[in-house]
Amino acid sequence: MQNVYLSIDTFSKKVHVLYSPAADNLETATFFSLDIDEDSLFGGYCDYSTVLNDSFSEMLQLNDITEANLSIAVPSADVTFDYLTLPNLNNQRKNEDILITEFKKMYPFIKKISDIKYYTIKTTKTNIIYMYPLFNSENLSLFNSFLVNTNHNLSFLTSNAIASASFAISVIGSSILRKDVYQFINMRKNYTDCALIVGDNIYSTFTVPYGTKLLENYNEKDLVNYKLFAEIEKTVSPLMQPIMAYINRCNSLGVAESKKAVVHIADGYNSFLDILNRDSDITYEKFIVPSQYSMLDNNLELLGMFLSKVNKDLEFSDTKIKQA
């Protein structure tokens, strides 16, 4: 059975596809993209039923894939991270009891603590802060309805931001302290995904509908020309203002403030990091994709899934929760 990895890119109106008969072997993999019908797109969201029945069906038929294990990264806007602060009773059993009680109030179908995926992100003498990710169960139903009459299996479901940040974590790895707090910023042409990372965990994600296309009228020399600084800063403000607001919100979550951001950006825009670092409390560093993965430099989410780097707690193929 083929292993097929797909990412739904609503901003570029594409479904990016990677498939390989051999797990973890990029040398045997095939990569291509398919267009998404614009009528099925709504900003950063999409009509999954149309995308599945058109783009997915076309992809599987054209490549003579009759049976496949599908791993899918959906638009990051479809995943929400929620937080819950509860009293610390200084007893693990009692803390779990109060946690499951609160979860049952919000989601009545929950019967036991293992029914929901969550992180403990901070513990103090008086409180515990929990984080749990949510994916809309109605969208999952659309995926399952599409697959019910096929020989295909939905084996993995996550978001683009989660998958790309998971790959970044695997690369950055031992170069940071386990409890380091930093932002991973993945700048694509038409959008930018951000992720708050603490050690090897993802605590939050955010997407801005702007990317390097804002800079397409500037070359590397322009980006270091002080006479153009004010103009460039104004040009990129639709991108950077939401990102800075997001970082400020992340700093209020209760974890340590992120003083570093690792930025994945196309080589033609390296000098943009100098602009970001000017008069900033955050240090911006360039993320380098290892040479063996350069063929997918612009599709890190596919690498995150293909190399099995995504934490199982951030996988939603069995979710029951309906996101509000």
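This is a short talk on the fold, the strand pairing and a few single residues of one protein chain.

What you have on the screen is a predicted model. I will start with the whole chain, then go through two groups of strands, and finish with some individual positions.

The overall picture first. The secondary structure of the protein chain amounts to 8 helices and 15 strands. For 324 residues, a compact globule would be expected to have a radius of gyration near 20 Å, and the protein chain has 20 Å, so the two agree. Along the principal axes, the C-alpha atoms occupy a box of roughly 60 × 60 × 35 Å. As for burial, 50% of the 324 residues count as buried. The accessible surface comes to about 15300 Å², and carbon and sulfur atoms account for 47% of that.

Two more numbers for the chain as a whole. If you take contacts between residues at least 6 apart in sequence, 66% of them join residues at least 24 apart. On charge, there are 28 positive and 38 negative charges, and their mean positions lie 9 Å apart.

Now the start of the chain. Strand β1 covers residues 2-9, and 7 of its 8 residues are buried. Which strands does β1 pair with? One partner is β6, residues 68-74, running parallel to β1 and joined to it by 6 bridges. In that pairing, Leu6 sits opposite Ile72 of β6. Another partner is β2, residues 14-20, which is antiparallel to β1 and joined by 7 bridges. There, Ser7 faces His16 of β2.

β1 and β2 make a hairpin with 4 residues between the strands. Lys13 is in that loop, and its phi is near 60°, a positive value in a residue other than glycine. Most residues other than glycine have a negative phi. Lys13 is partly exposed, because its relative accessible area is 30%, which falls between the 20% and 50% cut-offs.

Ser308 is another residue of this kind: a phi near 55°, again positive and again not glycine. Where is Ser308 found? Look in the segment after α8, the helix at 300-306. Ser308 has a relative accessibility of 60%, so it counts as exposed.

Next, the strands around β9. β9 spans residues 127-135 and is mostly covered, with 8 of its 9 residues buried. It pairs with β7 in the antiparallel sense over 9 bridges. β8, residues 119-123, also pairs with β9 in the antiparallel sense, over 4 bridges. β8 and β9 form a hairpin with 3 residues between them, and Tyr119 stands opposite Met131 of β9.

To see the β7 side of this, take Thr85. Thr85 lies in β7, residues 79-87. Which residue of β9 is the bridge partner of Thr85? The partner is Ile129. The two are 44 residues apart in sequence, yet their C-alpha atoms are 4.5 Å apart in space. Setting aside residues up to four places away in sequence, Thr85 touches Asn127, Ile128 and Ile129.

Just ahead in the talk are two buried residues outside the strands. Tyr48 is in helix α1, residues 48-62. Is Tyr48 buried or exposed? Its relative accessibility is 1%, under the 20% cut-off, so Tyr48 counts as buried. Its contacts, leaving out neighbours within four places in sequence, are Ile8, Val74, Pro75, Asp78, Asn139, Leu142 and Phe143. Of these, Ile8 belongs to the residue range of β1, and Val74 to that of β6. The C-alpha atoms of Tyr48 and Val74 are separated by 9.5 Å, with their positions 26 residues apart along the chain counted as the separation.

The other residue is Ile116, in the loop between α2, at 92-106, and β8. Ile116 has a relative accessible area of 6%, so it is buried as well. How far are the C-alpha atoms of Ile116 and Asp54 from each other? They are separated by 33 Å, and the two residues are 62 apart along the chain.

To sum up: β1 has a parallel partner in β6 and an antiparallel one in β2, while β9 pairs in the antiparallel sense with β7 and with β8. That is the end of the talk.

Note on methods
Residues numbered from 1 in each chain as written. Predicted model: local features only at pLDDT ≥ 70, side-chain atom pairs only at ≥ 80, totals over all residues. Heavy atoms only, no water. Helix = DSSP H or I, 4+ residues; strand = E, 2+ residues; numbered from the N terminus. Rg over C-alpha atoms; globule rule 2.2 N^0.38 Å. Buried < 20%, exposed > 50% of the residue type's maximum accessible area, 1.4 Å probe, protein only. Contact = heavy atoms within 4.5 Å. Areas by Shrake-Rupley, 256 points an atom, 1.4 Å probe, with all protein chains shown as cover. Lys, Arg positive; Asp, Glu negative; His and termini not counted. Charge placed at Lys NZ, Arg CZ, Asp CG, Glu CD. Pairing = 2+ DSSP bridges.
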